[in-house]
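Let's take a walk through this one together. Have the sequence and the 3D view open, and we'll start with how far to trust what's on screen.

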Amino acid sequence: MRGPLGGMHVQILLALIIYAIVVAARFEDQAGAYDWYKQHIGIATSAQFHPSKPRVCVATEQSVVGCLNLRDGSIAWRKSLQTAHAAPSVAYVESSSSLVTASGGLVRAFDLEGGLKWQRKLPVQSGAFVSEVKGKGSDNSSGAILAVQAGAVQVLDAADASQLSKPHQLKGLAKDNIVAADGYLVAYNTGSKAVLLVSTSSFVAGDAAAEVVVEAPQNLSAAAAGGPAGFAALSACGSSLCVLRLGGSGDAAFSCLRLDALVPELTAAPAVSRKLIATSAGFVLLSSDAGAAVLSVVDGAPKLLRFNAAAMGASAEAVVGDDTAVGLVEGATGDKLRLVVVSVSSGEVLQEEDFPAAALNRAAHGAALQPGLVALGAFRKKDKSWGVRALVVFRCGLTALLQQGVVVWSRDESLATIRQTLFVDLPANGTALKGDAAAKADMNTRIRYQVLGAKVQLKLNTPAEAAELLELRGLLSDKNTPTRDVNGFRKLLLALTGTGSLSALHNGDGRVLWSRTFAPDAVPTRLLQWRSYHDITHAPEVLLLRETQPGAYVSAINAHTGEELWKQPLTHGVSRVVPVPAPLIEGSAVQSVYLLVDHAPAPGAVPAVTLLPDTAAAQAHFASSQRAPYLFWEGSQPGVLQGFSLEAGAAGAGISARLAWQVALPDSVLALATRDPTEPIQSSVKVLSDRTIKYKYLNPNLLFVATGLANGAALDGDDSTAVTAHLVDTVTGRVLYSQSHPGARGPVTAVVSENLVLYHFRDVESGRFVACSMEMYDATPGREFSVLDYLFNPNSTQPVSSLTPTPIEVVSQSYFSRIVPTGLAVTRTEQGITAKQLLVVTNTDQVYALDRRWVDPRRPKKQKLTQDEMEEGLTPYQDTLPFSPLSFATLDKQVLGLRAVTVEPTRLESTCLMFAHGVDLFYTRLAPAKGFDSLEDDFNYALLIAALVALSVGAVIMNYMTKQAQLAWKWK
Amino acid sequence: MADLKSWKMDFESLIPDRKSQTDPPGYDASIAKDPIGMLSSSKAKDKNALARRQQALYAKATAPIKQVGMMCFMAWMFGNSIQIFSIFMTFNLISAPVSAIMSSGEVFPRDEEWKQLDTLTPRALYCLVNLGQLIFGLYKLSAMRLLPSSPSDFISTMPVPPVLEHAYPAL
């Protein structure tokens, strides 16, 4: 009986091979299959060319410092200063070629290779001003740094941050504007006349600084500059230039000159649209609409050297050959950009160069090219003459390098400023977006791909074939097709940026399909869902809203083309936009409804509420959808929550609001969280392993409030601090439950999902972060469940009301967390069946996916679990949450300056899409309970078919061989 | 000639360790063993034969007891965990008695020659024994938590109760 047994062996072997192939987890070559990552640096506010390397070093509005490669614009290095996204104050110290930055209470010095040279903490955690001191008093060769913060001045050695003298307290320096000018610090408040002057050399010498107050003839605006030529500021009305003469003999004195007398061609414009740039001989006055005047100051009197009416941007001065010059950028509206280099001492034009702007216009997606920052650098050409290059940062976020008549490179940095995002459906097949046809692959390529895939899986490949496989995967993958797919994986990601543009990104690779830029005075502040359709012929519509008056408006945008469908000005400002969870169904359209709230912060003021869209259908929908709608928010006084009952009046009368309740909390509010009312919930009960039923407390009108000592407030030695968590019913204002954590303080991050509240706080004694989870259950006594009633009585589920409250049972448990959270989100799937993961935004700008079962408050406090507990999926309690490096949803990437995480369900229950944005962008596909309902996208069908064919051929051959063997044996 | 047809040889009969059982044509083994039985009257033996047949039927009916006991013991040994073998076992535990009860008519056929033979009681006994296995199988299923026997098995799809009031957060 050798034959059949042999056949069986082969079959088992083949089956094992197939099994091994199917279950083998492959991670490394899947990188980039479902995710993409884009690095940005932000909108540069200051730039400095590297003295020796082909690099330009910038500091950005997003509080990032870094250097870009001049050849291709790639990021050579970058460092986040980790502050609340304010542009840092930067000083470039030439002698030690380092960048000194001040932000968030820290002064840091970076060398131009990205190394942190030193860091020094300032007494207060707020913005500070740094400046290099070049006075005669500084005998130190490495230079001295002045750090001014809230009236305190520190003098630091630029080489090692040692204090050169003890800190000076000058209360008078705590002003809006501080400018360093020619050995003095000039401080003044915007719109005032009093200007304080302090000599910096006295700081360095360690003397008591003499404060001199000079009265300006006119109120001064924030547009000011200081340099070797003194201090200059525009008057608050914008019509005069006031110049303060410093140093020299005699007292400091202001002289104001009317601008129309100084520069007759300059049109009248408010001071906010003008900028002053200091040069060694005087100033450059730049008007943002057009026109730059190069002025020289002789004995405190400004004199016009050259006026360029077409200039839109001007740089700081740079040494070009034997002269110092500024670069003016002209004519950004046409198809050409012109760089004019003007000598600051004589006003002569040293060089003029034209650059084609077509590529830039394309990269800007039609936005106006208005230069925001220009940096000029000089270099020696091959023929030993001097050439200039300019880094131009346009207001739309485009950053470009101009050199020798060409735009060397450009980067679109507007996506580093994303404020809000929204996932919408792509067009259906056949109605693909114009100009974005994906390449179609032929059959041969597909077969080649499958063969290569089989080879790689069986490890028979060469490295070249592995590379070819990856390339073909990108080519053949349909993830970049600009149409929607059956599983809902392909979506359009709309992003509203801080630079005032709305961009549509394809979620397959993050490319921009369309972009629309708005004028600075019409920048929308909110991106909202508006109208979606069940039929595939209509494109979904999104709503853009500008909240601030004047210029408040709403406009609807076609999400597939970016075309504006209508625009409607708002007669009132909008302080809050409240989505009504139940959408209005109009035929095949699903119309979102919003409440626009206009509320003055005065006490006792009643909010004015209007409906959007304000149509009869929407009013009827709003009136009928809920018995009694309420509205609540954190009141104008700290620690006060207010609830208003809303009443839809007669048609056209609008909605009236009345104060219904008010809760005053004893401490300051550290965190607020509510459940997303549209979150899908599969089951309203939890069945324990002993078959008992627990009813989840799923009241959507639940607010989680954490109170405690305000963040950043000083902790008194004898005072105990505590974080208190409250659950508030937002219809009645009743506090349903509270629990307190002594010895804890903020910052608190919280999320509410289903019947779970998870919040993090900091334990003062251990210095660690604590995650506390609460699960709420309905504790109505004697609640019975009848199967017959449930099966046959359609009215068996009774509606619940906050006015007849049910008792609540809260199970709570705390864990130490190894990661430091700065934000929390939760995954969301189509039906809500899949186990949830909590997405913890960490202080290292990553996203950690934490399974909900780890924060289950019912985790038993014993090592040996019973059969029942194991069956329920409980794990033994440990005081610290598990930390697995493989659980980072952002993989090995760091999403610099991570601000928010957006989660979107797909049509497959197992999978959801996650987009994390900050300065960087990161997108991935998440499967919280693994992909239980689908094969992988790159499942190798060829290998499966080959294995099946091999199996059947093997079986046939073995059958034949068995017969032969039997015959031979019988003839024996 | 019909007898001659079975008097043949083929390769199967040439297997060395099998004894050749081909009898010559016209040879009847039963007559050769008991030549008197053919001649004596069957009436005298009838009563004895009926009792023996009845006994045989009862023996047939109680035969599965051993097997059922064995199956139950094995099922108990497998435990209540849900895995491929215990699922097979439990499936077998339930399907075998059901099919045995369904086909009990064929196990205990009505004999036209012996009309007074009681086939019903042994058949009922047979069914009872198999029913025992079925009950054990169901118990096993319940122990494995696969029987919807408590209210909580019906409740998991209970919808979320609607809420009468709604407060909109404007945070």
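**Confidence first, then the folds**

Start right at the beginning of chain A: over residues 1-8 the pLDDT stays under 50, and the model has four contacts there beyond four places in sequence. Keep in mind that this is a predicted model, so it's worth checking scores as we go. Another stretch of chain A to flag is residues 434-438, where pLDDT again stays under 50 and the model has three contacts beyond four places in sequence.

Which elements mark the extremes of confidence in chain A? The low end is helix 1 (residues 2-23) of chain A, with a mean of 44, while the high end is helix 10 (residues 941-970) of chain A, at 95. Taken as a whole, chain A has a mean pLDDT of 84, with 91% of its residues at 70 or more.

Chain B gets an average pLDDT of 79, and 77% of its residues score at least 70. Its elements have their own extremes: helix 1 (residues 2-6) of chain B has the lowest mean pLDDT, 55, and helix 7 (residues 120-143) of chain B has the highest, 91. For the model overall, the scores are ipTM 0.75 and pTM 0.83.

Now back to chain A for a look at a sheet. Four of its strands form an open, antiparallel sheet, and the order across it is 22-23-24-25. Strand 22 (274-278) and strand 25 (301-308) of chain A are the edges, each pairing on one side only. Going from one strand to the next, the twist averages 25°.

Zoom in on the pair formed by strand 23 (residues 282-287) and strand 24 (residues 292-298) of chain A: five bridges link them in the antiparallel sense. Which residue of strand 24 of chain A is the bridge partner of V284(A)? Look for V294(A).

Over to chain B, then. How many helices does chain B have? There are eight, along with one strand. Reading from the N terminus, the elements go α-α-α-α-α-α-α-α-β, so to speak a run of helices with the strand at the end.

Chain B has 171 residues, of which 24% are buried. Its accessible surface is about 12,300 Å², and carbon and sulfur atoms account for 65% of that. As for how the chain folds back on itself, take the contacts in chain B between residues at least 6 apart in sequence: 68% of these join residues at least 24 apart.

Technical notes. Residues numbered from 1 in each chain as written. Chains lettered and ligands numbered in written order. Predicted model: local features only at pLDDT ≥ 70, side-chain atom pairs only at ≥ 80, totals over all residues. Heavy atoms only, no water. Pairing = 2+ DSSP bridges. Helix = DSSP H or I, 4+ residues; strand = E, 2+ residues; numbered from the N terminus. Axes fitted to C-alpha atoms, helices over the stretch in contact; angles between N-to-C directions. pLDDT = per-residue confidence, 0-100. Contact = heavy atoms within 4.5 Å. Buried < 20%, exposed > 50% of the residue type's maximum accessible area, 1.4 Å probe, protein only. Areas by Shrake-Rupley, 256 points an atom, 1.4 Å probe, with all protein chains shown as cover.
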